[in-house]
Amino acid sequence: MARAPVKDALSRPITAGGFVDGAPVVFSDITHAAGLDRFRNKSGTPEKTTILETPGSGAALLDYDNDGWLDIYLVNGSTFLALQGKEAAPRAMLLHNNHDGTFSDVTEKAGVANQRWGFGVAVGDYDNDGWPDMYVSNYGKNRLYHNNHDGTFTDIADKAGVALGGWSTGATWGDFDHDGLLDLFVPGYVKFDADNPPISGKGGLPPGFCQFRGIEVMCGPRGLPGEGDHLFRNNGDGTFTDVSEKAGVSDPKGYYGLASVFVDVDDDGWLDLLVANDSVPKYLYRNKHDGIFEDVSYLSGFALNDEGRAQASMGIAVGDYNRDGKVDFYVTNFSDDYNTLYRNEGEASFSDVSFQGGVANLTIPFLGWGTGFLDYDNDGLPDVFVANGHVYPGVDRQDWGTTWAQRPLLLRNLNGVKFEEVPPATNSGLADVVCARGAAFGDLFNDGHIDVVLNVMDGPPVLLRNVVKNSNHWLTLKLVGGPKSPRDAIGTKVFVTTGNVRQRADVFSGGSYASTSDPRVHFGLGVAEKVDKVEILWPSGAKQEVRVPAVDQILTVVEGKGIVAP
C-alpha cells in the first residue's frame, strides 16, 4: 500500500539521506583500495523495461585455494544482445585475497567467468574432497564449478545433471537425507521468454496491467507463470537425481522463488528448507526424516506476516538474535512494506515480531535484498545488515520518499529483544547510496571483524571493511566434518558459552539474496576473556565439546579430533 514519503532534515528521501555528521564510522568503503572496482555488474539496460533486468546478482565469500583467507566471487548479469550472440557476454569475477587488503582478478585462470545471465551463487563441497565448489544459477543453463585443487574449476553441471534451464535464483546446499553428502536445492523465479518479453496490452496481459502507484513499469512477477523449484539428491558419484516431486518441494503452485536456505528450524537433527518468494507466500518445508518434506508454511506462521499478508520477499538472514538457542529469521521485502523478523517459538512455529523488535517502520521506504545477522561490534548479540535498492528506475522521478539507489541499513541488537538503526555516518560505508542486490558477510582480513561485500546493479561492487574499535573479544571456528558429515560441515550447529551467555551459530550455504557468506562461524564475546564451553552438533549426529585455549583467534575444529593446527 502507498505510504507517505519519509524525508530527512534536508528534504532528501530517507533511502538516500539521513546521514549523520560526526557519527562513529562502522564500515569504511575500501572498494577502490582493495581493487574490487575493476568489476562492473551489467544487467540489461538502465531503463529496466523487463523483469529479467531487475533482480540482479549475488556474491560469495569462499576460500577457493585453502590458504586460510576468504576470496570473493561476483556473479554478473547480461544483456539481450549478448543472449543473441551480438555482443560479448559480461563476465563474473573471482578475486583472490592477497592477504594485504587487496584482491587480484583470477577469473581467467580459474575458468569461472560464467558468461551467462547470472543471478546466484551457492558454495558447498559436494564431493567431500576438502575444496569448495560453486553452483551458479542463471537465466538459461546453470553451472556447477568443480574445484580442481589447483586454482582452476571445471563446469560439470551437464554431466552432474543439475544444469536445468529456465530461470534459477538463490540456491542452497545441505544434506537433507543424512548420508553425509550435500544435496542441492534450486528455486525458480518466473517463466520468461527473452524473445517475447511480457508487455502491458500484449500476450494476454491487459493494457495498463503493469503499473506501480499509477506509473507504467516492467511487467512481473505477478501475472506471469512461475518457474518450478528443484531438489537434487547427491548420488555420491559426481551425479545428482532430481527428487523434487517425490520430496514434496517442486513448487507446483509456480511461486516466484528468489532465496533459499537449508537449516534445522525445529532442532530435530534434520535440515529443513526455507524459500523466500516474491509477491506470494513464503515456503517452510519440515524434514520428515524419510526423504520427504511436509509443507508447514502456513501452520508455522512463516508464510505470511502477522497481518496475514503475503509479502514480496527477496532475502533471508539466519541467526539466533535473542540467544534462546533457537534459530530465527529476518526476511527482506519490497518498498511500502516492512522487513519481517520471525522469532522461533520452537516446534517449527514462528511469530512476526517486526514491530515490537523495532525493525518494521524503519524499513518501509526501503526495498531490501541481501541480508544477514552479523555481530558487527562483537558484543555477543547478532545485529542485522540489509542491502537495499529499488527495481523501478522511475521512482526517482516521483515524490514518494524512495529512490532507485539506496543506502544500506545496519540494525543494532540492543538486548535480544529490540533493534535500533546505527546512524549512517556521513561519507562512511553506511552512507553509500547504491542499487545493491547480493550481500555476503565474513571476516575478509582475519582480524575478528565481519566485513560486507555488496553486488551492485550496473556498477562496481562495494567492499565495506569493518573498522569498529572497541575492546570486545571474539572467536571464529572453521569446522571440518568427519566421515559421516559433509566435509565442509554445512548443517552444523555451534553453541558457545561465556558466563551466563550462550550463543548459537549455524553453518549454512546460500540465504541472503542469491549469495553465500563466510562458512566459518564467528562469535562476538563482549568483555568475556575466556570461553567456558563450546558444544558442536555435527550433521552426523555426533556431539562434541572442545576447550578453547584463548579468545581473539581463528581455530580449526575437526569432527572427532578437536582443535587442530591451522
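**View 1. The disulfide of the predicted model.** In this predicted model, one disulfide is counted. The two partners are Cys 210 and Cys 219, whose sulfur atoms lie 1.9 Å apart. A disulfide is a covalent bond between the sulfur atoms of two cysteines. The link of Cys 210 and Cys 219 is right-handed, with 105° about the S-S bond. Cys 210 has a relative accessible area of 3% and is therefore buried, the cut-off for this class being under 20%. Cys 219 is likewise buried, with a relative accessible area of 3%.

**View 2. Cys 435 and its distance from Cys 219.** Why does Cys 435 form no bond with Cys 219? The sulfur of Cys 219 is the closest cysteine sulfur to that of Cys 435, but the separation is 19 Å, which is too far for a bond; a disulfide requires the two sulfur atoms to be within 2.5 Å. Cys 435 counts as buried, because its relative accessibility is 4% and the limit is under 20%.

**View 3. The surroundings of Ser 168.** Ser 168 belongs to the loop that connects α4 (157-160) with β10 (172-174). Is the residue buried or exposed? Ser 168 is buried, since its relative accessible area is 3%. The side chain of Ser 168 makes a polar contact of 2.9 Å with the side chain of Asn 142. Asn 142 is also among the residues that Ser 168 touches when those up to four places away in sequence are not counted. The others in this set are Phe 119, Ser 137, Asn 138, Val 186, Pro 187 and Gly 188.

**View 4. The open sheet that contains β10.** The loop of Ser 168 leads to β10 (172-174), and this strand belongs to an open sheet of four strands. The order of the strands is β10-β11-β14-β15, with antiparallel pairing. At the edges stand β10 and β15 (240-242); each has a single partner strand, so one side of each is left without a neighbour in the sheet. On average, neighbouring strands of this sheet are turned by 25° against each other, direction ignored.

**View 5. The pairing of β10 with β11.** Strands β10 and β11 (residues 183-186) run antiparallel and are joined by three bridges. Which residue stands opposite Leu 184 of β11? Trp 173 occupies that position. Val 186, which lies within the 183-186 range of β11, is one of the residues touched by Ser 168.

Key: Residues are numbered from 1 along each chain as its sequence is written. This is a predicted model: local features need pLDDT of at least 70, side-chain atom pairs count only at pLDDT 80 or more; totals for chains, interfaces and linings use all residues. Side-chain values use heavy atoms; hydrogens and water are left out. Helices (H or I, at least four residues) and strands (E, at least two) are DSSP runs, numbered from the N terminus. Buried means under 20% relative accessible area, exposed over 50%, partly exposed in between (1.4 Å probe, protein chains only). A polar contact is a pair of N or O atoms within 3.5 Å; within protein, one must be able to donate a hydrogen and the other to accept it, and residues adjacent in sequence count only if both atoms are side-chain atoms. Contact means heavy atoms within 4.5 Å. Two strands pair if DSSP finds at least two bridges between them. Axes are lines fitted to C-alpha atoms, for helices over the stretch in contact, and angles run from 0 to 180 degrees between N-to-C directions.
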